[in-house]
Amino acid sequence: MPLKIIYICCLLFLNGFVQAQNFRLDSVAINLKQYGLNSDHSSLFLHFDKNIYSNNDQVWFTGYLLNTVAESERYHTLYLSLVNNADTSIVLQEKFLIKEGIAFGSLALPDSLPSGRYRFVAHTNMKINDHFDGEFTQPITVKSTTINPLTANVSIFKNFDEQTKNGTVLLQVLSGNNRFVENAEINYQIGNADETIKTGKAKSSVIGELMINYPAEKITKKNNLLKISIKKNNHLKYVNFNLPVQDEKMYQFSFYPEGGYLIDGLTNKVGFELKTENGNVVQGTAVLYENEKVLDTIYTNLQGIGSFVFQPNRLKRYYAQIIGAGFNQYDLPTILNHGVALRLSSAISNHELKAQIESNDQQQAHVVVHDFSNILLQSSFDLQANRPQNMRFKLDSIPIGLYALTVLNNEYKPIAERIFFAHYNKINRISVITDKENYTTRDSVELDLNAIGRQNKLLPAMVSVSCVQTNRLSIHNNQNITDFYFFQQLLADLPTHQFNLKYNDINYLNEVLMVRGWRRYQWPTESLPNVRPKLVSLEYSGEVLKNRKQLKTPLILNTFAGSNINVINTDSLGKFNLTAANLLSEDRGRVWLNIGDKRYANYEVLLNDPLKEIRNEVINQKISLLVNQTTKLNDLNQSINITNGITLKDVVIKSKKDNFLNFAEHGPNRCGDYVCRYNILNCANHAGYQDNRKPLKGKSYVRSGGGTIVYAGCTDHEDKPNLRMLKGIHLAKEFYTSDVSNKSEPISFATIYWNYQVVLHESGNTRLVFNTGDLTGKFKIIVQGITSEGVAYGEKEINVAEK
């Protein structure tokens, strides 16, 4: 390294900033807040017990606030919505308590839930600058235990008609037993929220078919979504289908020059990515051309990513052709006449970052290391034409995580950038050790857990633990706390990894940071105002009217949430707020609001539940829906059976305005309470069973998890003149542990163990013991949470065989 570079680096390590340039770099730092990856929002992660469910399943989860914008005590409520991806309808919404940055919860999926793709969307009670804070999305798949009475196949009947200029889609509607469904009511829409091309209503023919014409020449990549709803009697089916775009290439071939641009005459590394038009990654081979001459053969891996190195000439044309996919040509980006090439030996670093910078003309460059919001290190270089200069940055003062190395020109505008990960060797992990590898049914599993940091240091930690049948974990739906915290929340749409753990594979991370972390900054020329974020907490509020007019004197209200009873005073105008403490309920999250006046008939209560605001946010959420092609439409229509011959019965859904859906004559009562064959109240092991019965008021029953309880009865959910039922905040319930000694009761849970909150001590070897059930096959133990030095994850697979 030349002496001049050594001097500049020493200045960088000792002082951090060159004082003469502070006023310009401060403006750059402010602009980073608008154009960077990070935002002034909290980070929220939820660990679900699995990501493939059946209807009637119990869902268990733990939520972690990983970093917060406001004080942690201001976060008190987790809002959880289950959304059907087919039509963005909200299936259910619940509230759960957040305490000291952690939320514990469980809920039961409706037994009417059809097969399909869904997502859980979580929010906290905080809003930052009028945007919901701490949003988290977990995709799930539901495999229904009942046969879907409607199935649909969509295919292209004709791509383009020269006379009408239309394309035609063929829709076939069939019953679950493959019979034609005639006179089904069909609604369809072509386009998106911003641009609707066509809508229509029709009925299926005698053979269950409908031809849908669409204006083929108006279809673009942005408006080509065909959304179809099918109704027959009380049954509904939703289908999404991507219409073909005229003259659209079958593949997306994208190129990402390292640093951002191709520079004339400089050696450039170029990352590339190959996908289908629907966004599926493609492992394939292509040929790189310079004009008409073959330059190289290039390949993509399992993630559809590859790279090559070459020296471009701006007077020549560079393009690629995919082998076996026709003769379409995919051009490389425009080659700049002047610029800087930035090269990293690896984007994954430990205590130092090595880079090389080269310009094709003489210029001054400023190099900054930042976290997308704040500049952490900086230095300046006088670059000579076509003379590479090496850089080495010590990262001692920088925490673990993603950062960017950005090159600015003499006007402090970005001209090259590369994202890298610092202190990879500091990623924590959870050691999961079992007493053996192979178990039998109803066997005892002994588990030793340790949180381990750098240099194998044992750390104190708080984690959640699940043990679930491996076939209930989809790679495509998989998320873990380490990948999410360091990569997924910053870099959208990461390709899946064949072994689920992205952070474990350095080659994968290098490739992903080359393409997913690639950007061309266009910063504003004027500095942006550095405004502190505006924080607002969503609270349950209301107003009491008397004879439809505002009150003139305060009124007393009461809330009843099981044993949680509170007295609330309105102000003189009848306005009031319900705090999180008022809404805590052990009674399935139900809270009753009572007017403390015997002349209650004169009063009217207007309520403002934050769930309504959350609902509007989720419904209008823009996501990339998974679109089913014809060959994939039946993937989710299959039925699954519970082992040992137990199959949940078919149900008839009857519509009724109620807070609980009562599906079975002999099942739960209107409050959702039931008693199983073993006299257990709301037994999670027998949810939805045919022989469940309604509990009787005043009678004693066995409580799930042990002990007895006297049933207090079910209060009708219809509001009374002096009572209003509110959605309260759920308190976590204990995971139901099956009695392995009871041979007459089958244990058919896919999740055989769940624990919200396990404390790991730095002294080591926290031991857990649980039992297997009657299901056999592979099971995965997943442990994840927070340690004293950041997030951590661990997993272990075990085998269960028949005893």
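The paragraphs below go through selected strands, a helix, a cavity and some single residues of a predicted model.

Strand 12 (166–175) is a suitable place to start. Of its 10 residues, 8 are buried, so that strand 12 is mostly covered under the cut-off of 20% relative accessible area. Strand 12 pairs with strand 11 (residues 150–158) in the antiparallel sense, over 8 bridges. Within that pairing, glutamine 172 of strand 12 has asparagine 153 opposite. Strand 12 is also joined to strand 15 (residues 209–215), again antiparallel, by 7 bridges. Here leucine 171 stands opposite leucine 210 of strand 15. In a regular strand, side chains alternate between the two faces of the sheet.

After strand 12 comes a loop that leads to strand 13 (185–191), and asparagine 183 lies in this loop. Its relative accessibility is 42%, so asparagine 183 counts as partly exposed. Most residues other than glycine have a negative phi. Asparagine 183, which is not a glycine, has a positive phi of about 60 degrees. Asparagine 547 also has a positive phi, near 55 degrees. This residue, asparagine 547, sits in the loop between strand 40 (540–546) and strand 41 (549–550).

Another set of strands forms an open sheet: 4 strands in the order 22-21-24-25, with antiparallel pairing. Strand 22 (293–299) and strand 25 (330–331) are at the edges and have a single partner strand each, so one side of each lacks a neighbour in the sheet. For strand 22, the pairing with strand 21 (residues 285–290) is antiparallel and consists of 6 bridges. One of the residue pairs is valine 287 with threonine 297, the latter in strand 22.

Helix 3 (residues 481–488) is largely enclosed by the rest of the structure, because 7 of its 8 residues are buried. The buried residues are Ile481, Thr482, Asp483, Phe484, Phe486, Phe487 and Gln488. At the start of helix 3, asparagine 480 places a side-chain oxygen within 3.1 Å of the backbone nitrogen of threonine 482.

The next topic is enclosed space. Rolling a probe the size of a water molecule over the atoms shows where empty space is left. In this model there are 6 cavities of 30 Å³ or more. The largest cavity has a volume of about 140 Å³. It is lined by 16 residues, of which His47, Phe48, Asn51, Asn478 and Gln479 are the closest to its centre. Strand 1 (43–48) and strand 55 (777–787) each supply at least two residues of this lining. Strand 1 gives the most, with 4 residues. Sorted by class, the lining of the largest cavity holds 6 nonpolar, 8 polar and 2 charged residues.

The last residue is aspartate 609, in the loop between strand 47 (603–608) and helix 6 (610–619). With a relative accessible area of 9%, aspartate 609 is under the 20% cut-off and is therefore buried. Its side chain makes a polar contact of 2.9 Å with the side chain of lysine 95. Leaving aside residues up to four places away in sequence, aspartate 609 touches Lys95, Tyr540 and Lys727.

Definitions and conventions
Residues numbered from 1 in each chain as written. Predicted model: local features only at pLDDT ≥ 70, side-chain atom pairs only at ≥ 80, totals over all residues. Heavy atoms only, no water. Buried < 20%, exposed > 50% of the residue type's maximum accessible area, 1.4 Å probe, protein only. Polar contact = N/O pair within 3.5 Å; in protein donor to acceptor, adjacent residues only side chain to side chain. Contact = heavy atoms within 4.5 Å. 1 Å grid on protein atoms, 1.4 Å probe; cavity = no way out; pocket = protein on both sides within 12 Å on 5 of 7 lines; lining within 4 Å. Points joined across faces, edges and corners; volume = space filled by probe spheres on them. Nonpolar A, V, L, I, M, F, W, Y, C, P; charged D, E, K, R; others polar. Pairing = 2+ DSSP bridges.
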